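Q: Could you take a close look at one part of this model for me, and then set it beside the rest of the chain? I work at the bench, so please explain the terms as you go.

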Amino acid sequence: MTAFRDVSTRVNFVQLEEGILRFWKEQDIFNKSVELRRGRPHYAFYEGPPSVNGSPGVHHVLARLYKDVVCRYRTMQGYHVPRKAGWDTHGLPVELEVENALSITSKARIEEYGVARFNDHCRRTALRYVQEWETVTERLGYWLDMDNPYVTMDNGYIESCWWIVKQLWDKGLIYQGYRVTPHCPRCGTSLSSHEVALGYEDTADPSVYVKFALDARLLDRKTELHSAFPSSGLSGKTVFLLAWTTTPWTLPGNTALAVDTGAEYSVLEGDEDYLILAAVLEEGVDLEGYRRSGTVAGRCLVGLEYRPLFNPHEFGVPRLKLPTLSAQETNDSLTYPVIGAEFVSLEEGTGVVHIAPAFGEVDFDIGMSSELDFVQPVDLEGKLIGAYPFAGEFVKDADRRILEDLRSRGRLLLESEIVHSYPFCWRCETPLLYYAKPAWYIRTTAVKQELIAGNAEINWYPDYIKHGRFGDWLENNVDWAFSRERYWGTPLNIWRCPSCDRRQCVGSVEELESQPGVGGLTGPLDLHRPYVDEIAFACPDCGGRMQRVQEVIDCWFDSGAMPLAQWHFPFENEEEFRLNFPADFICEAVDQTRGWFYSLHAISTLLFNQPCYKHVICLGHVVDSRGEKMSKSRGNVVAPWAVLGKHGADAMRWYMLVSTSGEDTHRFSPKLLEETTRRFMLTLWNTYSFFVLYANVDFGDDVVKVRDYLLNVRLSQGERSELDNWITSELNRLVTEVSRSMDNYNPTAATRRIERFIEILSNWYVRRNRRRFWKGENDADKMAAYATLYRCLVTLSRLLAPFVPFVAEELHRNLVRSVDPDEAESVHLTDFPVADKAEIDDRLNSDVELAMKVSSLGRAARAKAGIKVRQPLGKAVASVETEEEKRALERLAAEITEEINVKQLVVWSAATDRRESPSEAHGYAVASDARYSVAVSTEMTPELVAEGVSRELVRHLQNMRRNASLDITDHIITYYQTGEPLLKQVIDSFSGYIKQETLSCELV
């Protein structure tokens, strides 16, 4: 039985991790890690609730990984870091999943099916996916309290949301407005402005120039226009205003044309008609066959009237009058006005803007202020209504037939196609329609300056988000449309009397139960539709029955309420809420700047006039190997289990941390993941395996000796070799730099620094010191090598614990816990390393780094000449810049000559040496970079060739030992037979070297 458990070089990381998961669960390590620090400084973390509307994908892993890394790091620094899980179970994502499962395609079908049954499916669907998320979260090694999560569909969570709404209601910050909102015809509900920002895509739309016929009677009366036409008059020709649009489907809702009163407009005469458009835009429109007859001022066009393209009365569509929305009588001779407006653009189009108050916020606002007609020819499913030839078609599909109709009547001048950015529903990818309808709003514009001031207090990583994407969003803040005409969500807690229109916001279940004449409260209480819709009470004003309004609340409001609602505040857990408000840290992807980050910030500012988080990591998106964003609709989502089952969690974690900076787009490539596993995981493992292999040979089962020589040893610099001092200095510098990176919320910089250290530990320190571990006598020099490497590995286990918690645990349990049961049972119950700055030697670090650089150039020169490193060469000449660098290389010449495998190293300094550098023409191979060069002699004497053959022979014998499964301590007798004189000479000349390297007692 050895002191350390044997470690095979053939490691199965997946099996290793599964065993450690069992250990964590059986010993309750996560909870122990939290409780161990109770009473220490508190570090508050908010888990942004993932929407459990489907199975998790690899693209969901990134944010969970960053959260885990930061929280593990802070825990090991001594902070008390409880981590409450959360699940976003409401909203359209879940509803759409259920609709697909039930083959439901509209809200009407949902109501036919039954809201109670539909919502029951939603609840069960959410719970099913919660279990999947829990399983992946645990396998990834993301430590969360999933036994006591907050769940947005729980009654307690809903009640806290109601309390928040009531606070805002009492402050006068909630109102119902008839406004244009971004409407999804597929989902049948409005979206908030921050939801709209999530779904813009480039799309092709028609680009058309449409002719609107002016009323000739008013033209005759406008004498200031006459000079623009020929002296002979209009000659019976119709005068048209030319407007440009990319949304032909809005033309049936047109009720006005707008012009710039300060601009100049050209009057163009054609063979059959006149066109009027802005003079500065005339050249941008293909007007072949037209010639300018004059110009008019834009203000002179105001007051003209034109005949509508589609008189709504002819097609059975109501015509209403803004702002009262009163119905208007049928008018077969209907005309609409030309008005002046400041928003008319002279950068594109024609300087004539078609106004449809039913579509577009700007159009609606000017319709209200100018008391325009209001025509809504589109229903909430996005289909044309009435008796139009294109009625019943979805608006985008109707474009073609609308244009055919206009073309047949000579009203379509030009048509082409334009690619521009257009908003789509981020849930179902349906084109959004800007649709005038009533909605409930939170008056976030009332606290715009407070939102901006609060953002100034938040630390953003990367910092450019603060005043860029997030800051710009706050500067252009609009009121939050937070009601949804859906079913599975937090019901909006406003009751209305249909008799007198009294409205009342109810802030708790207790307040609801205390209302006069309350009815419909049945147990067990479920604060969802349709049950909450049945609750009514007496109107205090008229005695009528107060009924709840039909809307539910935006699920972004649910998630933004989590600082309070996760504790059911203010109804209980006030101390927990106060302790965890504001959060020290949150993290999500960049799209959450206008999602969760915003809803958190808005609700906290509205309630408490302060931010609710101090530090936020804003991550880039994860895309597939082709650079496309992962989504279910594209079918390019990679299931986490496929990766975890093949490579393990640590490999995935390290790859996603080290490959790309957090804020950049992360391209997920299985091939690059495998490369990361080889470059980092296996390098670390082989170094660990090397140590255990030789330590078990030299220490056996002598645990006391291990403790004396390894666990508790503190070697002075004088007791260590120069390489020992160097790697110890590098180790302490590593701890300093990793801590600094993590304090700055930069795990990528931290992992890259660790990866570089492990590379030099393996490929320089261990390789340069192999003979110290191999030699037979256990002298002080050998023990110093063991103690130094052991210290590096134990420190690495703690440094790595936040990033690759499984491998770190393996190192700790085998290297530390196995030889000292009094040590922490888990690496995650230890403290993060603290650097001993007195052991950092910057000059030594710099010197060895230079030696490694020169050695690398030497190997490159050999490769250039096609000479293997095992073949000794006579001389290498290194050219450096300063005398100080020259002295450093001369001091480290033994390491460099052995690394390059040359007999002699000559160092020249550009500061003092004026000799001509060796070149290929002089029998050298040369490799250089911007500062240094190394030339190796390519001349090979018979003695050098023989020595090279001896090294090849040793390599073959070592391979034979491995294939025979011999232990490293097994001695052998080597038998050989050869007729080659050179080989016999080599064996005779280098027998001592061959026997020593291969543990051969004899060469027979």
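A: Happily! Let's start with strands β33 and β34, which pair in the antiparallel sense through 5 bridges; strands count as paired if DSSP finds at least two bridges between them. Helices (H or I, at least four residues) and strands (E, at least two) are DSSP runs, numbered from the N terminus. This is a predicted model, in which local features need pLDDT of at least 70 and side-chain atom pairs count only at pLDDT 80 or more, while totals for chains, interfaces and linings use all residues. Residues are numbered from 1 along each chain as its sequence is written, and side-chain values use heavy atoms, with hydrogens and water left out.

Back to the pair: β33 and β34 form a hairpin, with 4 residues between the two strands. To find the register, look at A925, whose bridge partner in β34 is V936. Strand β33 covers residues 924–928, and 4 of its 5 residues are buried, so the strand is largely enclosed by the rest of the structure. Here, buried means under 20% relative accessible area, exposed means over 50%, and partly exposed lies in between (1.4 Å probe, protein chains only).

Follow the chain past β34 (933–937) and you enter the loop to helix α33 (942–963), where M940 is found. M940 is partly exposed, at a relative accessible area of 38%. Together with V945 and L982, M940 makes a nonpolar surface patch of about 210 Å². Patches are built from residues with over 30% relative accessible area and no salt bridge, joining like charges within 9 Å and nonpolar side chains (Val, Leu, Ile, Met, Phe, Trp, Tyr) within 5 Å. The areas come from the Shrake-Rupley method with a 1.4 Å probe, and for residues only the protein chains shown count as cover.

Helix α33 also brings in charged side chains. E947 and K903 meet in a salt bridge, at 2.7 Å from N to O; such a bridge is a side-chain nitrogen of Lys or Arg within 4 Å of a carboxyl oxygen of Asp or Glu. This pair links distant parts of the chain, with K903 in strand β32 (residues 902–909) and E947 in α33, 44 residues apart. E947 is buried, with a relative accessible area of 15%. R955 forms another salt bridge, with E952, and their closest N and O atoms are 3.1 Å apart. Because they sit 3 residues apart in α33, R955 and E952 are separated by about one helical turn. R955 counts as partly exposed, at 30% relative accessibility.

Now for the rest of the chain. The structure holds 70 salt bridges, including a network that links R767, R768, R771, R859, E898 and E899. One of the pairs is E95 with R486, whose closest N and O atoms are 2.6 Å apart. E95 lies in helix α4 (residues 92–102) and R486 in the loop between β21 (483–484) and β22 (494–496), so this pair links distant parts of the chain, 391 residues apart. E95 counts as buried, at 1% relative accessibility, and R486 is buried too, at 2%.

For a sheet elsewhere, try the open one of 4 strands in the order β11-β14-β7-β15, where the pairing is mixed. Its edge strands, each pairing on one side only, are β11 (305–306) and β15 (352–355). Strand β7 (residues 256–259) runs antiparallel to β15, joined by 4 bridges, and V259 has V352 as its bridge partner there.

Two backbone details are worth finding on screen. A cis peptide bond joins L322 and P323, with omega of about 5°, and the bond from R529 to P530 is cis as well, with omega near 0°.

Finally, the overall picture: the protein has 35 helices and 36 strands. Its radius of gyration is 38 Å, well over the 30 Å that the globule rule gives for 1004 residues, so the protein is more spread out than a compact globule. That radius is taken over C-alpha atoms, and the rule is 2.2 Å times the number of residues to the power 0.38. Along the principal axes, the C-alpha atoms fill a box of roughly 120 × 75 × 50 Å. Of the 1004 residues, 57% count as buried.
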